[in-house]
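User: I would like to work through this model by question and answer. Please begin with the word "contact", then take the rest piece by piece.

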Amino acid sequence: MAMPQTLSQLAKTLGVTLRGDGGTTVTGCNTLADATAEQVSFLANPRYAPQAATTAAAAIIVSAKDAPTIEGKSLLIADHPYFAFRQAVVALHGFAPRPEPGISPLAHIDPA
């Protein structure tokens with residue numbers, strides 16, 4: 001099960017550069033529009049750049065190219081923001097449970 005992390009811990013886990021308050025604790029991930037102050041989001045498409053200014057996210061995962069355009073937010077600066085966000089999801093939420101292998105009791109074969 002995933003555990004909350006500080007931004008400093010998460011930056012180390014992701015292998016990215018932190019710009020901002022490393023002591024902030026985060027508990028999950030979400031979109032820029034829906035993130036809370038305890039969540040991390042990401043910006044990889046310039047189309048969503050205006051949301052970066054208004055997001056409540058504790059931090060935004062962003063490329064070094066886009067980092068200078070975002071002010072007043074903690075940033076996790078990554079070479080590949082999509083991949084870093086995927087890693088953050090795993091670090092904070094864990095992997096999705098997999099179904100048990102085998103044949104479902106609900107399965108049936110058409111006799112025709």
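Analyst: Contact means heavy atoms within 4.5 Å. The model is predicted: local features need pLDDT of at least 70, side-chain atom pairs count only at pLDDT 80 or more, and totals for chains, interfaces and linings use all residues. Residues are numbered from 1 along each chain as its sequence is written, and side-chain values use heavy atoms, leaving out hydrogens and water.

User: Which residues of helix 1 are buried?

Analyst: Helices (H or I, at least four residues) and strands (E, at least two) are DSSP runs, numbered from the N terminus. Buried means under 20% relative accessible area, exposed over 50% and partly exposed in between, with a 1.4 Å probe and protein chains only. In helix 1, residues 7-14, the buried ones are Leu7, Leu10, Ala11 and Leu14.

User: Why do they lie on the same side of helix 1?

Analyst: An α-helix has 3.6 residues a turn, so residues three or four places apart point the same way. The arc is that of the directions from the helix axis to the C-beta atoms. The buried residues are on the same side of helix 1 because they cover an arc of only 100°.

User: Which residue follows helix 1, with a positive phi?

Analyst: The phi of this residue is near 70°. The residue after helix 1 is glycine 15.

User: How far apart are the end C-alpha atoms of helix 3?

Analyst: The expected span of a helix is 1.5 Å times one less than its number of residues. Helix 3 (81-93) has 13 residues and should therefore span 18 Å. The model agrees, with its end C-alpha atoms apart by 18 Å.

User: Which strands and helix are among what covers the buried residues of helix 3?

Analyst: The buried residues of helix 3 are Pro81, Ala84, Phe85, Ala88, Ala91 and Leu92. They cover an arc of only 120° around the axis, which means that they are on the same side of helix 3. What covers them includes helix 1, strand 1 (5-6), strand 3 (25-26), strand 4 (28-29), strand 5 (39-42) and strand 6 (59-62).

User: Which element supplies the largest share of the largest nonpolar core?

Analyst: A nonpolar core is a set of buried Ala, Val, Leu, Ile, Met, Phe, Trp, Tyr and Cys residues joined through side-chain atoms within 4.5 Å. The largest one has 18 residues, and those that touch the most other members are Leu10, Leu14, Val16, Val26, Val40, Ile61 and Leu76. At least two residues come from each of helix 1, strand 6 and helix 3. The largest share, five residues, is supplied by helix 3.

User: How many residues are in the other core, which lies apart?

Analyst: Valine 40 touches residues including Leu7, Leu10, Val26, Ala59, Ile61, Leu76, Phe85 and Leu92, not counting those up to four places away in sequence. Apart from the largest core lies another, with Leu32, Ala52, Leu75 and Ile77 among its members. The number of residues in this other core is nine.

User: Which strands are at the edges of the sheet?

Analyst: Two strands pair if DSSP finds at least two bridges between them. Five strands make an open sheet with mixed pairing, in the order 2-7-6-5-4. Each edge strand pairs on one side only, and these are strand 2 (17-19) and strand 4.

User: What angle does the direction of helix 1 make with that of strand 7?

Analyst: Helix 1 packs on the sheet and touches strand 2, strand 5, strand 6 and strand 7 (74-77). Axes are lines fitted to C-alpha atoms, for helices over the stretch in contact, and angles run from 0 to 180 degrees between N-to-C directions. The angle with strand 7 is about 15°.

User: Which residue is the bridge partner of isoleucine 61 in strand 7?

Analyst: Strand 6 and strand 7 run parallel and are joined by four bridges. Strand 2 also joins strand 7, antiparallel and by three bridges, and leucine 18 stands opposite leucine 76 there. The partner of isoleucine 61 in strand 7 is leucine 76.

User: Which residues point the other way from strand 7 than Ser74 and Leu76?

Analyst: In a regular strand the side chains alternate between the two faces of the sheet. Ser74 and Leu76 point one way, and both are buried. Pointing the other way, and also buried, are Leu75 and Ile77.

User: Is serine 63 buried or exposed?

Analyst: Serine 63 lies in the loop between strand 6 and strand 7 and touches Leu43, Ile77, Ala78 and Pro81, leaving aside residues up to four places away in sequence. Because its relative accessibility is 13%, serine 63 counts as buried.
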